[in-house]
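User: I'm new to looking at protein models and I'd like to learn how to read one. Could you walk me through a few features?

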Amino acid sequence: MNLAFAGSMRGGEVGGLQWEDIVDPQRRILYIHKAIDRVDKQALEKVNKTKVYFKFPSSDPRSKSVVVLKNTKEDGGSDRNAYLPEMVYGKIMKLREMQQELKIVLGDSYYDYGMMICQENGRPVMTEHLNKRFQRVLNEMGIKPKHEFLSTKSRRKTKKITSL
């Protein structure tokens, strides 16, 4: 959640982050230009406006959808840099260390797609899973209204504007 708020990111953008997206480690700059999404296989073949960086292998060959790493918006208008606070950057570096340990422990059972935010086995995390985790955090904080992870981007911008 810290990463999403610090970078004013949508859920799909958080799920689409890869380690290579840290473009300047000294200044803690993250380049946000990809998002994770589940799309219909037939629709994906017909749409050519969306740049697909990667199609994740399906665990179910009968599935009618595929998980992809794609551009954030069709026109690239959402591509941006995020400057991460030292605390957030430290947490994601700790996460990277944990992933390295999991790669060793799991061996061939670890799917290394270079994802920053992923399941323990390296597979991608979808926005709906982030929404569930976000709701759990809000519940633990005693916040009852239902918010979606997706809305953190506009909420963060509103907070920035009102604090000026």
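Analyst: We'll go through the sheet, then some charged pairs, then a patch on the surface. Keep in mind that this is a predicted model.

User: Okay, sheets to begin with. What holds the strands of a sheet together?

Analyst: The general idea is that strands pair through backbone hydrogen bonds, and the pairing can be parallel or antiparallel. Here, 3 strands make an open sheet, in the order β1-β2-β6, and the pairing is antiparallel. The edge strands are β1 (22–24) and β6 (80–83), each of which pairs on one side only. From one strand to the next, the twist averages 40°.

User: How many bridges join β2 to β6?

Analyst: There are 4 bridges between β2, which covers residues 29–32, and β6, and these two strands run antiparallel. If you want a spot to look at, find Y31: it stands opposite N81 in β6.

User: Now the charged side chains. How should I read a salt bridge?

Analyst: Side chains of opposite charge can pair when their charged atoms come close. In this model the count comes to 8 salt bridges. Take D24 and R27, whose side chains meet in one at 3.6 Å, N to O.

User: Are D24 and R27 buried or exposed?

Analyst: One of each! D24 counts as buried because its relative accessible area is 17%, and buried means under 20%. R27 counts as exposed because its relative accessibility is 52%, and the cut-off for exposed is over 50%.

User: Which salt bridge can I look for inside a helix?

Analyst: Try K94 and E97, whose side chains meet at 3.9 Å, N to O. Both lie in helix α4 (residues 86–106), 3 residues apart, which is about one turn of the helix. K94 is partly exposed, with a relative accessible area of 46%, and E97 is also partly exposed, at 45%.

User: What about K103 and D112?

Analyst: Their side chains form a salt bridge too, at 3.0 Å, N to O. K103 has a relative accessible area of 25%, so it counts as partly exposed. D112 is partly exposed as well, at 49%. Elsewhere, salt bridges that share partners join R10, E13 and R80 into one network.

User: Where is E20, and what does its side chain touch?

Analyst: E20 is in the loop between α2 (11–15) and β1. Its side chain makes a polar contact with the side chain of K34, at 3.4 Å. With a relative accessible area of 60%, E20 is exposed. You can also compare places along the chain with places in space: E20 and L30 are 10 residues apart along the chain, and their C-alpha atoms are separated by 9.0 Å.

User: Last one: the surface patch. Which residues form the nonpolar patch?

Analyst: To read a patch, look for a group of nonpolar side chains that share a stretch of surface. In this model M1, V137 and M141 form one, with about 250 Å² of accessible area together. Of these, M141 sits in the loop between α5 (127–140) and α6 (152–162).

User: Why does M141 count as exposed?

Analyst: Because its relative accessible area is 57%, and exposed means over 50%. That's the cut-off we used for R27, which came out exposed at 52%.

Key: Residues are numbered from 1 along each chain as its sequence is written. This is a predicted model: local features need pLDDT of at least 70, side-chain atom pairs count only at pLDDT 80 or more; totals for chains, interfaces and linings use all residues. Side-chain values use heavy atoms; hydrogens and water are left out. Two strands pair if DSSP finds at least two bridges between them. Axes are lines fitted to C-alpha atoms, for helices over the stretch in contact, and angles run from 0 to 180 degrees between N-to-C directions. Patches are made of residues with over 30% relative accessible area and no salt bridge: like charges are joined within 9 Å, nonpolar side chains (Val, Leu, Ile, Met, Phe, Trp, Tyr) within 5 Å. Accessible areas come from the Shrake-Rupley method with a 1.4 Å probe; for residues, only the protein chains shown count as cover. A salt bridge is a side-chain nitrogen of Lys or Arg within 4 Å of a carboxyl oxygen of Asp or Glu. Buried means under 20% relative accessible area, exposed over 50%, partly exposed in between (1.4 Å probe, protein chains only). A polar contact is a pair of N or O atoms within 3.5 Å; within protein, one must be able to donate a hydrogen and the other to accept it, and residues adjacent in sequence count only if both atoms are side-chain atoms.
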